[in-house]
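Student: Please take a close look at one part of this model, namely its strand pairing. I should like the partners set out strand by strand.

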Amino acid sequence: MSTNRTTAQWQAVDSAHFLHPFTDFQALARKGSRIIERAEGIYLWDSEGHKILDAMSGLWCVNVGYGQRALIDAATRQLQELPFYNAFFQTATPPAIELAELLSEVTPPQFNHVFFTGSGSEGNDTIVRMVRRYWDILGQPERQVIISRQNAYHGSTMAGASLGGMSGMHAQGGLPIPGIEHIGQPYRVEHGRGMSHDEFGLVAARWLEDKILAIGAQKVAAFIGEPVQGAGGVIIPPATYWPEIQRICDKYGILLVSDEVICGFGRTGRWFGCETFGTRPDLMTFAKGVTSGYIPLGGVMVGDRVAKVLIEQGGEFEHGYTYSGHPVACAVALANIKLVRELGLVQRVHDDVGPYLARCYESLRDHPLVGTAETCGLMGALLLVKDKATLAPFDPSLSIGMVCRGHCFANGLIMRAVGNRMIIAPPLVITRAQIDEMMALIRRCLDLTLADAQREGWLA
Ligand SMILES: *Cc1c(COP(=O)(O)O)cnc(C)c1O
């Protein structure tokens, strides 16, 4: 362990030296960080000794919960045996080979090859280079454009942030890079009021077709999307959306990329989100849940259509990372995926805790602040509204989500705010009793937020 310091000392040193990701540095320095010191199961403990229920699985990743011996032992053993060797220059290590084999087993049948990276962002950078390379090899180098969606999250590197549809990110650093286009997201509250879910799903999918026709199909390389947009606020698309996207991709022959960084490895109640939503992607990005976040690892599953061309006609693919196939990361991923299987976590989300969470969320719909309450597997989102009947939003300057999040922190619950949406993605090992405990905390924090809104006259 690190040295013993008081919370105030940690905070002082932290703000003196540590530039945090996605953080207003000055604001954080004034307030001081929350210091997390240890964890077990679905709970964290901060430096003040507070116990916190982690309903976000760290950052959507600690699917097997904290403190799993099998993962810790796998890392320790591999560190002793061979802490590092690369996969460049025609070499490989046993954990990387075994993980490639196991990933081919647990992913849909069209996937038999993997390219390893260190993160989801690097995975999506790899996707950009790989799909353009694919069309190059096939003699269609003009197929460069990748279509994505507004409010998508695909990581923070130049290509990842460009694929993403976050306007705040695009405003910093001259993004998006050329050859990336965005269509609207399948968010019914924003774009589809007055339409049925099914109707809106088709309308939103057809924005892809409109975009393809506007650009010219012969210039479009691929479409990329998260099955459920995570960081964008757990936007769960209507059931008609993804099958229509698949139909359109097939019609124009463009590659379909499923960014499974959050949805992969059981989050939606199937191994991969594309299985829940009914698509057959050509490529899939993964990270986060592949190691339950115990150690960084990401990658791209490459479907047979693309792999065949890269392997048989491609020559050298001039791309790779020092840590592509890192043996310790791969050993942890192997232990993690085996544990997910042993514990039957995917089935459990599908049959048991997923439906249970869905029922709990339905019961929140009567709360005066809750406009919509939805779940998909073990992801949930609440839309906080000023008026339940019309779904009229609060004035954005009130930051109602941040007010609610503040109550969550103060009451021992990590629930994230994305604008007016309060989102959760708890560890897949969460029990029904723990879901009850989480729901009681959520209800209490909603009540406290409501009391603030009433007192301040925000509802009027
Ligand atoms: C987190 C995330 C990424 C980026 O992964 P990093 O490991 O942070 O680079 C990409 N896509 C999705 C859908 C994500 O949620």
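Tutor: The account below takes an open sheet and then a second group of strands.

The model is predicted: local features need pLDDT of at least 70, side-chain atom pairs count only at pLDDT 80 or more, and totals for chains, interfaces and linings use all residues. Residues are numbered from 1 along each chain as its sequence is written, and side-chain values use heavy atoms, without hydrogens or water.

The open sheet has 4 strands in the order β1-β2-β3-β13, with mixed pairing. Strands β1 (36-40) and β13 (413-414) are at the edges with a single partner strand each, so one side of each lacks a neighbour in the sheet. Here strands (E, at least two residues) and helices (H or I, at least four) are DSSP runs numbered from the N terminus, and two strands pair if DSSP finds at least two bridges between them. Strand β3 (residues 51-54) runs parallel to β13, joined by 2 bridges; L53 has L413 of β13 as its bridge partner. Packed on this sheet is helix α17 (residues 432-456), which touches β2 (43-46), β3 and β13, contact meaning heavy atoms within 4.5 Å. The direction of α17 makes about 105° with that of β3; axes are lines fitted to C-alpha atoms, for helices over the stretch in contact, and angles run from 0 to 180 degrees between N-to-C directions.

Strand β9 (residues 283-286) pairs with β8 (residues 255-259) in the parallel sense over 3 bridges, with T285 as the bridge partner of D259. With β10 (residues 298-303), β9 pairs in the antiparallel sense over 4 bridges, and L283 is opposite V302. From β9, L283 and T285 point one way, M284 and F286 the other, and all are buried, that is, under 20% relative accessible area (exposed is over 50%, partly exposed in between; 1.4 Å probe, protein chains only).
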